[in-house]
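Colleague: I'm new to this one, so please walk me through it.

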Amino acid sequence: MAALVVRLSCLGKRWVLACIDGGSRHGRGAAIGLTSRRKRGQSSVAQQPLIAVQKSRKGEREWAAVVGLEIHAQISSNSKLFSGSQVHFAAPPNSLVSFFDASLPGTLPVLNRRCVEAAVMTGLALNCRINKKSLFDRKHYFYADLPAGYQITQQRLPIAVNGCLAYSVSVGKKPSQVSTRTVRIKQIQLEQDSGKSLHDEPRSQTLIDLNRAGVGLLEVVLEPDMSCGEEAASAVRELQLILQALGTSQANMAEGQLRVDANISVHHPGEPLGVRTEVKNLNSARFLAKAIDFEIKRQIHELENGRKILNETRSFDDKLGCTMPMRDKEGKQDYRFMPEPNLPPLLLYDTASLPPGADPQQVINIDWIRERLPELPGKTREKLIQQYGMLPEHSFTLLNEVGLLEFFQNVIKETRAEPKKVTSWVLNIFLGFLKQQNLAVNESPVTPSALAELLNLLDRKAISSSAARQVFEELWRSKGKTPSQIVSEKKLELMQDQEALERVCHTVMEGHPQVVMDMKRGNPRAINKLIGLVRKATLSRADPTVIKEILERKLSS
């Protein structure tokens, strides 16, 4: 079978996507790289994922990059995973800590139902198989912000397995050139977060805040099916949208509610996978892409210069734009996993297996959760394209900006303007102003109702396009004013007196005979000049289309 070859831009160089004979993104074969139990060097060619190959200079061998992700999403819940402590961002240090969170002797965990439901909902949305029986384990490691000396997680039998995430990535210079890819999901597991260490370097002190200790996390483990930073960032953005649509996580990366660990290795195509490194705690999709692409370049440079890649954990310095070594990579044996003795197996049910007379408050019904899944981003984009004739890239932008889709839909409800015109104004002008001021949609001084009224004025030709832009700028500066008030105050309404406009056109033509002669000779620039002169004479209150009709009629008469 011939290899499938596709081109895309990555790392500022040309990359080729090569599908190794028998390989597939959608397969359920044995895991490789990030999740494989097989020894390095024993992975078969047929099991290798779709990979990116860096084109080398003539005479040099090509390199392939393999990327897998471990994503930690903070569950949207009022309380922590195993205690009743509240969850609030930026609360005073150590103000939300129960006896269990501080690991005081004799305290026991009590599982949070909301966190379990969130895990099931996320697993269903990501096409996972939900395990009706899952287990909790202790993962041991020593650090000051982990009071118990271990983390409760799900290592042996997680709550959800074998899913997939579809995402779109740009494959050309134009925004419309996108390709849909799929990354396999190995598992989703419930686990508790650690506290936070605050390093005070001037005082040579480390302060510990346990507010975050015990907060419920969803760890989503993606198989190593990606090949560069752009793919990884696109997959994370799509997962972020899904979590937000479900309400299972706010997934705000700036607040640490979504953190990513990237596993990266490089090798020559057709040869065993290389030694991988892990870049920890990336809290931005942009930094994730930069860290992965830098690490790919670094590993290739090291190997081409005869050095070895160490199996290590690294961090990303966003100011320097490079990864830095942290420590040697721990293995499973280092964590000394053992069953959590204080938590029984987590049992879930579906409609068929639900015990007769079971108390709905005491059991979780998978089918009940499945029936109540909200519309997911992929489906929303499809509806936008079908309903409004929107370009795919426009549907992505509407969903990627928090609150922008709701703003757009509210404008649509209140205006008679065509959807394409509304889309253009929201994405080009409204969003442009937001980005200039570094504002979120909910911080905009222009409301959906105000923009809808402005578009209605434009639709019924009460104002020109340039006047509409002026009105929008004034709306942005002056809260409380309506578009109609601004039009009236600034006298921006279009001239409705046809006879008066014809007189202005006649005067302009008489005053510029040479331009009129050029127009008669077929010079296309001449009529545009006359239109500009008429608009200037009317203080931009005349519709250019109407002016053109009058000028052409006068010229032919």
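Modeller: The buried residues of helix H11 (buried meaning under 20% relative accessible area, exposed over 50%, partly exposed in between, with a 1.4 Å probe and protein chains only) pack against helix H9 (419–437), helix H10 (448–459) and helix H12 (483–490), where contact means heavy atoms within 4.5 Å. This is a predicted model, in which local features need pLDDT of at least 70, side-chain atom pairs count only at pLDDT 80 or more, and totals for chains, interfaces and linings use all residues. Residues are numbered from 1 along each chain as its sequence is written, and side-chain values use heavy atoms, with hydrogens and water left out.

Colleague: Which residues are buried in H11?

Modeller: In H11 these are Ala 467, Ala 468, Val 471, Phe 472, Glu 474, Leu 475 and Trp 476.

Colleague: Where is Lys 461, and is it buried or exposed?

Modeller: Lys 461 sits in the loop between H10 and H11, and with a relative accessible area of 52% it is exposed. Its phi is near 60°, a positive value in a residue other than glycine.

Colleague: Switching topic, at what angle do H2 and H3 pack?

Modeller: Helix H2 (residues 229–246) and helix H3 (residues 285–304) pack at about 155°, with their axes 8 Å apart. The two are therefore roughly antiparallel to each other, a label used for angles over 145 degrees, with under 35 roughly parallel, 65 to 115 roughly perpendicular and the rest oblique.

Colleague: Which residues of H2 meet H3?

Modeller: Gly 229, Glu 230, Ala 232, Ala 233, Val 236 and Arg 237 in H2 meet Ala 285, Leu 288, Ala 289, Ile 292 and Asp 293 in H3.

How values were computed: Axes are lines fitted to C-alpha atoms, for helices over the stretch in contact, and angles run from 0 to 180 degrees between N-to-C directions. Helices (H or I, at least four residues) and strands (E, at least two) are DSSP runs, numbered from the N terminus.
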